[in-house]
Amino acid sequence: MPRTTTDGDGTPVPQRLLAAATRLFAEQGYDRTSVQEIVEAAGVTKGALYHYFGSKDDLLHEIYARVLRVQQERLDAFADADEPVEKRLRAAAADVVVTTIENLDDASIFFRSMQHLSPEKNKQVRAERRRYHERFRALVEEGQREGVFSTETPADLVVDYHFGSVHHLSTWYRPNGPLTPQQVADHLADLLLRALRP
């Protein structure tokens, strides 16, 4: 990204644009939100938007990509830690739940609107998600090779099972509900590890 400028309160213009786009996409849908509405909500010109983002679908891509970048960095740190594989997998499995809940609007907007991305952006996102899933699967496979995890269920299916739960969080999780993000994360991580016990 080019050098960022800020407004009076010090918020960089790209962050203002992303915040406005996220709110509008959540309220009215990606396809029903115009570029004009986004720039007005962010308090910038169309020229400012196109300086940082080439198009509206660039905004949609970045809404999800920023979450995925954080999750990838954290997964890499868990995977590279000098700890038993069971502990590393559990930490990674819980973390993806917490970070998804913390960014629930971003994730739900993206999954509802992914079909609006250009073919090139769609391919890019799929590659980014595949990298994350492959690193996560490598932890399962490492535990299976070491005899810590059961080999009865293929690693791919184990990963799909966990991420299916993660991707459905936006359909039922409510911040004012009975479970905190960490409690949900602990339950789902424990379910995953129970499924992998030899």
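Reader: What pattern does the protein chain follow, read along the sequence?

Author: In this predicted model, the chain reads α-α-α-α-α-α-α-α-α-α. That fits the tally of 10 helices and 0 strands. The C-alpha atoms fill a box of roughly 60 × 35 × 30 Å along the principal axes.

Reader: How much of the chain counts as buried?

Author: Of the 198 residues, 45% do. The cut-off for that word is under 20% relative accessible area.

Reader: Okay, let's try one. Why is lysine 121 called buried?

Author: Lysine 121 has a relative accessible area of 16%. Buried means under 20%, so lysine 121 makes the cut with its 16%. Lysine 121 sits in helix H7. Leaving aside neighbours within four places in sequence, lysine 121 is in contact with Asp57, Asp58 and His61.

Reader: And what makes glutamate 86 partly exposed?

Author: Run the same kind of check. The relative accessible area of glutamate 86 is 34%. Buried needs under 20% and exposed needs over 50%, so 34% lands in between and glutamate 86 is partly exposed. You'll find glutamate 86 in helix H5.

Reader: What does glutamate 86 touch?

Author: Not counting residues up to four places away in sequence, glutamate 86 touches Val148, Phe149 and Leu193. Touching here means heavy atoms within 4.5 Å. There's also a pairing to look at on the structure: glutamate 86 and arginine 197 are 111 residues apart in sequence, and their C-alpha atoms are 10.0 Å apart in space.

Reader: What share of contacts in the chain join residues at least 24 apart?

Author: Among contacts between residues at least 6 apart in sequence, the share is 69%.

Reader: Back to H7. How do you know what span is expected for H7?

Author: H7 covers residues 119-145, which is 27 residues. The expected span is 1.5 Å times one less than the number of residues, and that comes to 39 Å for H7. From first C-alpha to last, H7 reaches 37 Å, which is close to the expected value. After H7 comes glycine 147, whose phi is positive, near 80 degrees.

Reader: Which residues of H7 are buried, and what covers them?

Author: The buried ones include Lys121, Val125, Arg129, Tyr132, Phe136 and Leu139. Their cover includes helices H4 (56-80), H5 (85-102), H6 (104-113), H8 (155-167) and H10 (181-196).

Reader: Which residues touch the most other members of the largest nonpolar core?

Author: That core has 58 residues, and Leu17, Leu89, Val97 and Phe136 touch the most other members. H5 gives the largest share of the core, 9 residues. As background, nonpolar side chains in soluble globular proteins tend to be buried together.

Reader: What does phenylalanine 136 touch?

Author: Setting aside residues up to four places away in sequence, phenylalanine 136 touches Leu75, Leu89, Ala92, Ala93, Val159, His162, Phe163 and Leu192.

Reader: Now the empty spaces. What lines the largest pocket?

Author: The lining is Arg126, Arg129, Arg130, His133, Glu134, Arg137, Asp156, Val159 and Asp160. H7 supplies the largest share, 6 residues, and both H7 and H8 give at least two. The pocket's volume is about 170 Å³.

Reader: How many of the lining residues of that pocket are charged?

Author: There are 7 charged residues, plus 1 polar and 1 nonpolar. Asp, Glu, Lys and Arg count as charged, so Asp156 and Arg126 from the lining belong to that class.

Reader: What makes a space a cavity and not a pocket?

Author: In a cavity the probe fits but cannot get out, whereas a pocket is open. By this rule the model has 2 cavities of 30 Å³ or more. The largest holds about 130 Å³ of space. Its lining has 14 residues, and Tyr64, Gln71, Thr100, Val166 and His167 lie nearest the centre. H4 gives the most to this lining, 4 residues. By class, the lining has 9 nonpolar, 4 polar and 1 charged residues.

Reader: And what volume does the second largest cavity have?

Author: About 40 Å³. Residues lining this second largest cavity include Leu104, Ala107, Phe111 and Ser170. H6 gives the largest share, 3 residues. The lining divides into 5 nonpolar, 3 polar and no charged residues.

Terms used
Residues numbered from 1 in each chain as written. Predicted model: local features only at pLDDT ≥ 70, side-chain atom pairs only at ≥ 80, totals over all residues. Heavy atoms only, no water. Buried < 20%, exposed > 50% of the residue type's maximum accessible area, 1.4 Å probe, protein only. Core = buried A, V, L, I, M, F, W, Y, C linked by side-chain atoms within 4.5 Å. 1 Å grid on protein atoms, 1.4 Å probe; cavity = no way out; pocket = protein on both sides within 12 Å on 5 of 7 lines; lining within 4 Å. Points joined across faces, edges and corners; volume = space filled by probe spheres on them.
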